[in-house]
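These are my notebook entries on what I looked up, in the order in which I went through the chain. I began with the ligand and then turned to the backbone and to single residues.

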Amino acid sequence: MSINVGIIGTGAIGREHIKRINNKVQGAQVVAVTDINAEVAKKIAKDIGATFFETGEELIASDKVDAVVVTSWDPTHEHYVLETIKHGKYVFCEKPLATESEGCRRIVDAEIEYGKKLVQVGFMRRYDKGYIELKNMITSKKYGEPLMLHCAHRNPSANENYTTPMAVSQTAIHEIDVLRWLLDEDYASVQMLLPKQTSNTHENLKDPQFIIFETKSGVTIDLEVFVNCRFGYDIKCDVVCETAEFGLTDPAFTKVKAEEKNYTRISPDWQTRFMDAYDYEFQLWINSVISGELTGPTAWDGYVASITMAACHEARETGKKVNIELDERPALYC
Ligand SMILES: NC(=O)c1ccc[n+]([C@@H]2O[C@H](COP(=O)([O-])OP(=O)(O)OC[C@H]3O[C@@H](n4cnc5c(N)ncnc54)[C@H](O)[C@@H]3O)[C@@H](O)[C@H]2O)c1
C-alpha cells in the first residue's frame, strides 16, 4: 500500500518534506500541493508531477489525497487541521498545532468528536537517535530516578524579525515537547530569568533567556535559550540521575588534529543537526498512516506545549513562578 499525500504550504520546510516523502522514505508520494504563492506551488507541482490546487480546502477534499501535511504559516494551521479532521483524513501538522491554546483545544475536541486520532504534530526531536537513547536510559531506571536536566538550545544568529517571545514559541517549543516526553510526565511550574544580555542582540529581542521548569514529580530542568551565540547550532541535554549523568553529543563529525589543535565541528544549523530525525519522523508517520494507528506526538501534545508556552510568557513578563494547569487528559490520549 502507498499513501497519496497533499502538501499545504510549499515554503522552506514544505519543499524539504516533499523531497523527503518522494525520495527518502518509503510508502508514500506527494500527489497534490497548494500555496497562496501559486506561482511557486505550480512550478513544484509540475516538477514532481503532482496536481496544483487553488486552495487548501480543495486539496483536503480531493479524492486524490489520502493524507495531508500542513507546512503553511503558523496562523493557518488550526483551520487546515480542523478541515482535514472533518474529512476523516490523517494530517501531519508542523509545529505549532495552533497559535493559541484555545485553538489547540478546538482541535483536540474535534478529534475526540471524530473518535479517532488523526493528527500528528511535527515535534521531530522525539525521532532523534540521541534523545531516543536518553529516553531508553531514563526508562530503564538503571541509574535510578532522573533528578535534574541541564539543557541548552543555541543558534548562531537571529534576524531582526525574531523577537523576545519567539525564543519560547519558535525555539524552546522543541524542548518543551521533548523533555516532557523524555521524562514521561507533565510540568508543574515554570520560572524565567533574563541573564546579562549579549551585545549581539537587537532591541526587540531579549537574548539569552533562561527557563526553569519543575515537573510534577519534582525534577528540575534548566534550559538556556541563546539564539545569537555565534559559534554554531548547539543542543545540550544532560540528564542527572541518582547514580549517573548522561547526555547528548553532536552527531558524528570528524575529529581533526591539525595546526596544534584538536577539534570536532559543531552543526551549523538545525537542518544539519536534525536531518536524520526528520527522515525517521516521516517514515514512522507514513507507516502509522498505513497501519491505521498513529504513534507520534498527538494533538494533546500540541495542546500541552501551547499551555506551557503561555505559562513561559507569563513567567517572563511577571518575573514570577507560574503554575502550569492542564485540563484532565481525555481518554483518547491516555
Ligand atoms: N519542526 C520544525 O523543526 C520546523 C522547522 C521549520 C519550520 N517549521 C514550521 O513549518 C511552518 C512553515 O515554515 P517555513 O520555514 O517553511 O515557512 P515559509 O514561510 O518558508 O513557508 C510557508 C509557506 O506557507 C505559505 N502559506 C501561507 N499561508 C498559506 C495558506 N493560507 N495556504 C497555503 N499556503 C500558505 C506561504 O506562502 C509559504 O510559502 C511554520 O509553521 C514553522 O513553524 C517547523
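**Entry 1: the ligand.** I started with polar partners, keeping in mind that this is a predicted model. The side chain of Trp73 has an N or O atom 2.8 Å from an oxygen atom of the ligand. For Lys95 I noted a backbone N or O atom, which lies 3.1 Å from an oxygen atom of the ligand, and for His174 a side-chain N or O atom at 3.4 Å from a ligand oxygen. I then looked up the areas: the ligand taken alone exposes 850 Å², and the protein buries 82% of that.

**Entry 2: the surroundings of the ligand.** Where does the ligand sit? I found it in the largest pocket. There are 22 residues around the ligand, and of these Asp35, Asp74, Tyr80, Glu94 and Tyr278 come nearest. I also asked which helices each supply at least two residues of the shell around the ligand. I wrote down helix 1 (12-24), helix 4 (77-86), helix 7 (166-183) and helix 8 (270-291).

**Entry 3: helix 4.** I took helix 4 next, and asked why it is largely enclosed by the rest of the structure. The reason I recorded is that 7 of its 10 residues are buried. These are His77, Glu78, Tyr80, Val81, Glu83, Thr84 and Ile85, and I note that Tyr80 is also listed among the residues that come nearest to the ligand. The buried residues of helix 4 pack against several elements, namely strand 1 (3-8), helix 3 (56-61), strand 4 (67-70), strand 5, helix 5 and strand 6 (119-121). After the helix comes Gly88, whose phi is positive, near 65 degrees.

**Entry 4: cis peptide bonds.** I checked the omega angles with the general expectation in mind that most peptide bonds are trans. The bond from Lys95 to Pro96 is cis, with omega near -5 degrees, and Pro96 is found in the loop between strand 5 (90-93) and helix 5 (101-114). I add that Lys95 is the residue whose backbone N or O atom I had noted at 3.1 Å from a ligand oxygen. Asp207 and Pro208 are likewise joined by a cis peptide bond, with omega about 5 degrees, and Pro208 lies in the loop between strand 8 and strand 9.

**Entry 5: Thr198.** I stayed with that loop, since Thr198 lies in the loop between strand 8 (187-193) and strand 9 (209-215). Is Thr198 buried or exposed? Its relative accessibility is 15%, below the 20% limit, so Thr198 counts as buried. Leaving aside residues up to four places away in sequence, Thr198 touches Asp207, Pro208, Phe226 and Asn228, and this list includes both residues of the cis bond between Asp207 and Pro208.

**Entry 6: positive phi outside glycine.** Most residues other than glycine have a negative phi, and I therefore looked for exceptions. Lys141 has a phi near 60 degrees and lies in the loop between helix 6 (129-140) and strand 7 (146-154); at 43% relative accessibility it counts as partly exposed. Asp184 has a positive phi of about 55 degrees and lies in the loop between helix 7 and strand 8, where its 66% relative accessibility makes it count as exposed.

**Entry 7: Trp270 and Glu16.** Trp270 is found in helix 8 and is partly exposed, with a relative accessible area of 34%. Beyond residues up to four places away in sequence, I recorded that Trp270 touches Ile13, Tyr233, Met275 and Tyr278. For Tyr233, which is 37 residues from Trp270 along the chain, the separation of the C-alpha atoms is 6.5 Å. Tyr278 is also one of the residues that come nearest to the ligand. Glu16 is placed in helix 1, and its relative accessible area of 34% makes it partly exposed.

**Entry 8: Cys229.** My last look was at Cys229, in the loop between strand 10 (220-226) and strand 11 (234-241). At 9% relative accessibility Cys229 counts as buried. Which residues does Cys229 touch, not counting those up to four places away in sequence? I found Arg154, Asn155 and Pro156. I also noted a separation of 13 Å between the C-alpha atoms of Cys229 and Lys206, which are 23 residues apart along the chain.

Note on methods. Residues are numbered from 1 along each chain as its sequence is written. This is a predicted model: local features need pLDDT of at least 70, side-chain atom pairs count only at pLDDT 80 or more; totals for chains, interfaces and linings use all residues. Side-chain values use heavy atoms; hydrogens and water are left out. Helices (H or I, at least four residues) and strands (E, at least two) are DSSP runs, numbered from the N terminus. Buried means under 20% relative accessible area, exposed over 50%, partly exposed in between (1.4 Å probe, protein chains only). Contact means heavy atoms within 4.5 Å. A residue is near a molecule or strand if one of its heavy atoms lies within 4 Å of it. A polar contact is a pair of N or O atoms within 3.5 Å; within protein, one must be able to donate a hydrogen and the other to accept it, and residues adjacent in sequence count only if both atoms are side-chain atoms. Accessible areas come from the Shrake-Rupley method with a 1.4 Å probe; for residues, only the protein chains shown count as cover. On a 1 Å grid over the protein atoms alone, a cavity is a set of points where a 1.4 Å probe fits but cannot get out, and a pocket is an open set with protein on both sides within 12 Å along at least five of seven lines; lining residues have an atom within 4 Å of a point. A molecule sits in a cavity or pocket if more than half of its atoms lie within 2 Å of its grid points.
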